[in-house]
Amino acid sequence: MDHFARLGLPAALDLDSGALDKAYFAGQRQWHPDRFVAKPPEERAKASVEAAALNDAYRTLKNPLDRAVYLATLKGVELPGDGKTIADPDLLMEAMEAREELQEADTVQAVDGLAAKVRSDVDTALNGLGGLFLANDKPAIRKALLRLRYLDKFAEEARARRTNIERANSERSGA
Amino acid sequence: MAYSEKLIDHYENPRNIGSLDKGSDDVGTGLVGAPACGDVMKLQIKVGADGLIEDAKFKTFGCGSAIASSSLVTEWVKGKTIDEAETIKNTDIAKHLALPPVKIHCSVLAEDAIKAAIADYRAKIAKKDEAAE
């Protein structure tokens, strides 16, 4: 059973976040271990498998990028897994230049500026995905998702860079 | 997790960080990425008139093992012919740095980067030969 089916939701990129939460909480109640303490072991085991699968489904669908990647794999889009490399020059050049800019940003304001730009790029790219899924344009979906992975990584690195700068600043003012 | 001394040395004192002129005819550039972990690696070689790699530079945004793998490769390829450099295997890199199994993919990235740089250099030479005819 796929994650969407498990939560009784249509397999689509756009997803009603309230409906997702509601379905998840209902499922959690249904498979809660407290309800199975007096049940035979095989039923207890089944409940724990169901609860774990439910958590996995919820986590994946809650995050927009994870949801898009998951939906893409359901549609047969192949994405490079761990240890697989790509050589797409446009995409990698963009990622390399962004990371260089981040490396050179030495104030919190500069980092925030770069992070804000990337956030808006992420929003634009996520919005554009809807149309690509409708058209079932697999190569374009693949490319957009790979780019989103790099944008996501950038956001993570920007948070780390910001923390480092703040720490250095407070050490300086404390000294 | 315990990392080898060689790995830590390459990570803390990376060799040959930087860039060569991408537009130059004697420079080959390889740009590769591992999207699953968000790593991106650029590796460049400069080939002398004698056919030997006289300089190599890299720039890697990724984990310590990816940085160490690319640093090691730039060190290894200097003074080699491109045919020799092409024979570098990710397993050699992983073995030399004693990469833990979960980090083997970082050495794959470095092997792909040097191969891509060599392919870029060869394509430039082929184009130049074509133009000369």
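Helices and strands are taken as DSSP runs, of at least four residues for a helix and at least two for a strand, and are numbered from the N terminus. In these terms, B:Q44 belongs to strand β2 of chain B. The model described here is predicted.

The two chains were first compared by their elements. Chain A holds seven helices and zero strands. Read from the N terminus, its order is α-α-α-α-α-α-α. The radius of gyration of chain A is 21 Å, whereas the globule rule gives 16 Å for 175 residues, so chain A is more spread out than a compact globule. Its C-alpha atoms fill a box of roughly 60 × 50 × 30 Å along the principal axes. Buried residues account for 23% of the 175 residues of chain A. Contacts in chain A were also sorted by separation along the sequence. Among those between residues at least 6 apart, 63% join residues at least 24 apart.

Chain A is assigned two stretches as domains: domain 1 covers 3–62 and domain 2 covers 89–174. Their C-alpha centres lie 32 Å apart.

Chain B has five helices and three strands. Its elements run α-β-β-β-α-α-α-α from the N terminus on. For 133 residues, a compact globule would have a radius of gyration near 14 Å; the value for chain B is 15 Å, which agrees. The C-alpha trace of chain B spans about 55 × 30 × 25 Å along its principal axes. Of its 133 residues, 48% are buried. Among contacts in chain B with a separation of 6 or more, 65% are between residues 24 or more positions apart.

Within chain B, strands β1 and β2 run antiparallel and are joined by eight bridges. Together they form a hairpin, with four residues between the two strands. B:G38 sits in the turn and has a positive phi of about 75 degrees. Across the pair, B:G28 stands opposite B:I45 in β2(B).

Strand β1(B) is mostly covered, and eight of its eight residues are buried. Both of its faces are covered. On one side, the buried residues are B:V27, B:T29, B:L31 and B:G33. On the other side, they are B:G28, B:G30, B:V32 and B:A34.

The surroundings of B:Q44, in strand β2 of chain B, were then examined. B:Q44 has 27 other C-beta atoms within 10 Å, and it therefore counts as buried, since the cut-off for a buried residue is 20 or more. Leaving aside residues up to four places away in sequence, B:Q44 touches several parts of chain B. Its partners include B:V27, B:G28 and B:T29, which are among the buried residues of β1(B). B:S19, B:L20, B:A56, B:K57 and B:A117 are also touched by B:Q44. B:L20 is 24 residues from B:Q44 along the chain, yet their C-alpha atoms are separated by 6.6 Å.

The backbone shows a positive phi at two loop residues other than glycine. Most residues other than glycine have a negative phi. In chain A, the residue is A:N136, with phi near 55 degrees. A:N136 lies in the loop between α6 (108–135) and α7 (138–174). A:N136 is exposed, because 11 other C-beta atoms lie within 10 Å and the limit for an exposed residue is 12 or fewer. In chain B, the residue is B:A98, with phi near 50 degrees. B:A98 lies in the loop between α4 (90–97) and α5 of chain B. B:A98 has 13 C-beta neighbours inside 10 Å, so it counts as partly exposed.

The chains also meet each other. In this interface, 16 residues of chain B are in contact with 18 residues of chain A. On the side of chain B that touches chain A, the elements giving two or more residues are β1 (27–34), β2 (39–47) and α5 (104–132). Helix α5(B) provides the largest share, six residues. By class, this side of chain B has 11 nonpolar, three polar and two charged residues.

How values were computed. Residues are numbered from 1 along each chain as its sequence is written. Chains are lettered from A and ligands numbered from 1 in the order in which they are written. This is a predicted model: local features need pLDDT of at least 70, side-chain atom pairs count only at pLDDT 80 or more; totals for chains, interfaces and linings use all residues. Two residues are in contact if their C-beta atoms, placed from the backbone, lie within 7 Å. Ala, Val, Leu, Ile, Met, Phe, Trp, Tyr, Cys and Pro count as nonpolar, Asp, Glu, Lys and Arg as charged, and the others, Gly among them, as polar. Domain bounds come from an automatic or database domain assignment. The radius of gyration is taken over C-alpha atoms; the globule rule is 2.2 Å times the number of residues to the power 0.38. Two strands pair if DSSP finds at least two bridges between them.
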